[in-house]
Structures are given as structure tokens and as C-alpha cells.
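Here is a short report on the structure shown below. It covers the surface, the fold, the aromatic rings and the cysteines.

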Amino acid sequence: MDPLHSIIITLFLFVLTFFNPGANLFIVVQTTLSSGKKAGLTCGYGVVLGNAIYSGLGLFGLVTLMSEFGLLFSLIKILGGLYLFYYAITVFKNRTQLNLSTENIVESFPSGVYFRRGVISDLSNPQTVLFFMSIFSTTISPSTPLWTKLVIWFGIIIASLIWRIILCQTFSMTSVRRMYSRIHKIVGKAVGIVLGTLASRLIYQGVTELVVKR
């Protein structure tokens, strides 16, 4: 896969996850609803830091595994694909509901509390790094240039930051909260199909590589 293609596909897959109600979306939105935009943004910055750490570990650590341990990397592809497939099914069948109450309930804590809340929410979920590794297994290779990996990493950080800002701005609007509550399941099904297709491809690649190496 050429560098430009790797960048586009990786960031596209990452952005797809924004539209599924996950732990990070819950924590930022609920903080915004209960404590205001500033608190929500601070919490979002914590989530962005967590994404930066996990995506960096997945991106650069995975390259080492690819170069030094080919068989292990094939197993990681299969395991990553299985996880991604499970995640895709979960997204497709998502029955979760955000608490989109329009009541103006305000709680106030020091900024550090909100930032810590976002960091812990992201880093306490080891599935985050597995998801990043699943994506990177498909979009990068040992020959991928360093500049490409850096662009992907910074792109993930910037996209994550922009998304948290958008969340805080839009979910302070009653009309947006009501609309999202009606369509989020349909969006989840579309995202689940795309991720399921990627997972199937990843599992196939891993199994094929193991068969050839034997």
C-alpha cells in the first residue's frame, strides 16, 4: 500500500469510530451536558492524550513486531481481526442510549478532575490499543516510511481533537441531541458493516500467511 493510500485509509477508519456511542463519547458528552462546554472540552483533551499514547504505541510498536517476528505478527493479525469482528458486531447490534436529558444539571469541579476523567476513560480501556493495532495491521507495512507513520499519528491526534470540540459544541444544542438519539443506531449498523469487512480481510490475511510459512 502506497504512503498516501495508507494515510487516507487509516484516518478514514479511525474517523468511522467517532459515530459509534462508545465510552469516550459517553464521557465527553455527559461531562458537557452536566458541567458545560469548558468542562467537556477539558475532558476531551484528556481523551485525546490517551488516543495519542495508544496510537503511538500501536503504530510504532507494531512496526517492530512486523520486522522481527513475522509469525507472531500473523497471529496478531488474526487476533486483531477477531477482536475487530467482535467490535463490529457490537457496533452493529448497539442498543446503548445516551442520556440526552435537556435538564440543566450543573456540577462543578477543578479542571484537573475533568482532564483526568478523560485520560482514565481512554487508557483504562485496553481495547483501544487493540483497535489501533487492528487498523495498522492492514494499512502499514515494514516498508512504510517514517514520515507516513508520523503523518498518520498526528492526523489521529488532530482528528480526535477536532471531534471532541465538535461534540462539545453540538451536544449543547437541544435539537442535535434529539436528532442523534433517533439515528445513532442506523449509523452504528453502517459502521459495523465496514469494520466487519475489514476484520474478515484481516483474519484471512493472517491465516493465509500462517499456512504459507508452514
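The accessible surface of the protein chain comes to about 10,800 Å². Carbon and sulfur atoms account for 70% of that surface. This is a predicted model. Of the 214 residues in the protein chain, 46% are buried.

The secondary structure consists of eight helices and zero strands. Read from the N terminus, the order is α-α-α-α-α-α-α-α. Take the contacts between residues at least 6 apart in sequence: 89% of them join residues at least 24 apart.

**Nonpolar patch**

Part of the surface is a nonpolar patch with about 620 Å² of accessible area together. Its residues are Tyr45, Leu49, Ile53, Leu57, Phe115, Leu123, Leu161 and Ile165. Three elements each give two or more residues to the patch: helix 3 (37-68), helix 5 (111-123) and helix 7 (146-170). Helix 3 supplies the largest share, four residues. Phe115 belongs to helix 5. Its relative accessible area is 32%, so Phe115 counts as partly exposed.

**Aromatic pairs**

A pair of aromatic rings is described by the distance of the centres and the angle of the planes. The whole structure holds three aromatic pairs. Two of them are listed here.

| Pair | Centre to centre | Angle between planes | Class |
|---|---|---|---|
| Phe14 and Phe18 | 5.0 Å | 75° | edge-to-face |
| Trp153 and Phe154 | 5.3 Å | 50° | tilted |

Are Phe14 and Phe18 buried or exposed? Both are buried. Ring pairs also link Phe14 and Phe18 with Trp163 into a cluster.

The tilted pair has another setting. Trp153 has a relative accessible area of 23% and is therefore partly exposed. Phe154 is at 45% relative accessibility, so Phe154 also counts as partly exposed.

**Cysteines**

How many disulfides does a search of the whole structure find? The search finds zero. Cys43 is in no disulfide, and the nearest cysteine sulfur, that of Cys168, is 7.9 Å away. A disulfide needs the two sulfur atoms within 2.5 Å, so a pair beyond that cut-off does not count. Cys168 is likewise in no disulfide, with the sulfur of Cys43 as its nearest cysteine sulfur.

Where do these two side chains stand in terms of accessibility? Cys43 has a relative accessible area of 0% and is therefore buried. Cys168 is also at 0% relative accessibility, so Cys168 counts as buried.

How values were computed. Residues are numbered from 1 along each chain as its sequence is written. This is a predicted model: local features need pLDDT of at least 70, side-chain atom pairs count only at pLDDT 80 or more; totals for chains, interfaces and linings use all residues. Side-chain values use heavy atoms; hydrogens and water are left out. Patches are made of residues with over 30% relative accessible area and no salt bridge: like charges are joined within 9 Å, nonpolar side chains (Val, Leu, Ile, Met, Phe, Trp, Tyr) within 5 Å. Accessible areas come from the Shrake-Rupley method with a 1.4 Å probe; for residues, only the protein chains shown count as cover. A salt bridge is a side-chain nitrogen of Lys or Arg within 4 Å of a carboxyl oxygen of Asp or Glu. Buried means under 20% relative accessible area, exposed over 50%, partly exposed in between (1.4 Å probe, protein chains only). Contact means heavy atoms within 4.5 Å. Rings of Phe, Tyr and Trp (its six-membered ring) pair if their centres lie within 6.5 Å; planes under 30 degrees apart count as stacked, over 60 as edge-to-face and the rest as tilted.
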